[in-house]
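These notebook entries record what I looked up in the structure shown below. I began with one helix pair and went on to the sheet, the cores and single residues.

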Amino acid sequence: MGKVVLVTGAARQLGGRFVRRVQRDPEVDRVVAVDAVTPGHPLGDADFVRADIRQPAIARVLAEHSVDTVVHLDVSAKSVGTGGRTTVKETNVIGTMQLLGACQKAPSVRRLVVKSSTNVYGSAPRDPAVFTETTPPKSLPSGGFAKDVVEVEGYVRGFARRRPDVAVCVLRFANILGPEADSPLADYLSLPVLPTVFGYDPRLQFVHEDDVVEVLGIASREPRRGTLNSGTFNIAGDGVLLLSQCSRRLGRPTMPLLLPAVTWVGQALRRVGMTDFSPEQIRLLTHGRVVSTVQMRETLGFHPRFSTAGTFAEFARSQGPGLLPPEAVGRAVDRLAAMPFAGAACDVPGFTGAGGTHPTSSAR
């Protein structure tokens, strides 16, 4: 008999992709996809069970299917369907508690994989330049999704102590992006104009959806020779991008605001349903966050196919041209430079563009 893998959060885009991917693993005999709502996408040959992980019934699902591998993906910052923040928090925290309680009582369970987030480190002005897996946050998140994942990881550590026979892997993902990304940050980057915090240009990291699916596959299998897939790992693409670089590559102008005004704009955007511009996201867009991926490469043995810049380029292509696409700006500057008054200005001794260069070459 091959492995029986149970995947939570199957109605989410990422959960659906992983359900279809794990079915191709020759070691897997059966996949059980679980969610409280019916998925709007195909799940291949997986057995779909409509169940709410916040309810004790999840224990019966584990027992009936003799599940040996649990991949918990129903930890998210956004709700599926009409649920609001309360529903999300209950699913993240209470749902995880119920699921872990069921796993603890299920003797068949031998491996647990949990989707977490680098949000556990928070974002604060005195943060280290780079977080490792053992770096404590300077200030614990006080609310929102960041607090949810802190609580989730606490419950997972408790489970690992009570069931030392179960291999536990926690994957802390950086901001997930790609053509089909569905997250508060993706919603923010899709706005026609990006509100930013005046005086700050945070460093950001991204991980591609395809790499997320691949690393989940590695974590759910037996470890390859010379690797270990039990423990906690930061998952992110190589390199970093500044928020200003992101806005330019999207062709979206920024609107720098003082911090109190950004908070007010965030509340307004939440009320109209454009994006979940939460306080934790405002902190990220103020102070940024960068994590080390040494353990991901050397211990887990995973090497992402996409860098942070490559991931963002894939996302940008899916968004279409913004209000100020770089190519259009370059052509506009070229036309201005070709006008008689522009040429005369450039002939004035000592005239240079911004940064001490010719204006046309600078724009390019």
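**Entry 1. A helix pair**

I worked from a predicted model. I looked first at helix α7 (residues 243-250) and helix α11 (residues 308-319), which pack at an angle of about 35° with their axes 10 Å apart. The crossing of α7 past α11 is right-handed. I then listed the residues that meet: C246, R249 and L250 from α7, and A309, F312, F315, A316 and Q319 from α11. Sorted by class, this contact holds six nonpolar residues, one polar residue and one charged residue.

**Entry 2. The open sheet**

I next asked in what order the strands of the open sheet lie. I found seven strands in the order β3-β2-β1-β4-β5-β6-β11, with parallel pairing. The edges are β3 (47-50) and β11 (231-235), each of which pairs on one side only. Direction ignored, neighbouring strands of this sheet are turned by 20° against each other on average.

At one edge, I checked the pairing of β3 with strand β2 (residues 28-35), which is parallel and runs over four bridges. Within this pairing, V34 stands opposite V49 of β3.

I also noted helix α4 (residues 144-162), which lies across β5 (111-117) and β6 (167-173). The helix α4 runs at about 160° to β5.

**Entry 3. The nonpolar cores**

I recalled that nonpolar side chains tend to be buried together in soluble globular proteins. Which residues touch the most other members of the largest nonpolar core? I found L171, F173, L216 and I235, in a core of 31 residues. At least two residues of this core come from each of β1 (3-8), α1 (13-22), β2, β6, α6 (209-220) and β11. The largest share belongs to α6, with six residues.

I followed L216 further and, leaving out residues up to four places away in sequence, found that L216 touches F18, V71, L73, V113, L171 and F173. There is also a second, separate core of 26 residues, with A51, L99, C103 and V156 among them.

**Entry 4. Helix α1**

I asked why α1 counts as largely enclosed by the rest of the structure. Seven of its 10 residues are buried, and α1 is therefore largely enclosed. I listed the buried residues of α1 as L14, G15, G16, F18, V19, R21 and V22. Their cover includes β1, β2, β4, β5, β7 (175-177) and α6.

**Entry 5. Strand β8**

I noted beforehand that side chains in a regular strand alternate between the two faces of the sheet. I then examined strand β8 (residues 194-197) and found both of its faces covered. L194 and T196 are buried on one side, and P195 and V197 are buried on the other.

I looked up the pairing of β8 with strand β13 (residues 254-257), which is parallel and extends over four bridges. The bridge partner of P195 in β13 is M255.

**Entry 6. A positive phi**

Finally, I looked at S66, a residue other than glycine whose phi is positive, near 50°. I located S66 in the loop between α2 (58-65) and β4 (69-72). Is S66 buried, exposed or partly exposed? Its relative accessibility is 45%, so I recorded S66 as partly exposed, the class between under 20% for buried and over 50% for exposed.

Methods:
Residues are numbered from 1 along each chain as its sequence is written. This is a predicted model: local features need pLDDT of at least 70, side-chain atom pairs count only at pLDDT 80 or more; totals for chains, interfaces and linings use all residues. Side-chain values use heavy atoms; hydrogens and water are left out. Axes are lines fitted to C-alpha atoms, for helices over the stretch in contact, and angles run from 0 to 180 degrees between N-to-C directions. A crossing is left-handed if the near helix is turned anticlockwise from the far one by less than a right angle, and right-handed if clockwise. Contact means heavy atoms within 4.5 Å. Ala, Val, Leu, Ile, Met, Phe, Trp, Tyr, Cys and Pro count as nonpolar, Asp, Glu, Lys and Arg as charged, and the others, Gly among them, as polar. Two strands pair if DSSP finds at least two bridges between them. Buried means under 20% relative accessible area, exposed over 50%, partly exposed in between (1.4 Å probe, protein chains only). A nonpolar core is a set of buried Ala, Val, Leu, Ile, Met, Phe, Trp, Tyr and Cys residues joined through side-chain atoms within 4.5 Å.
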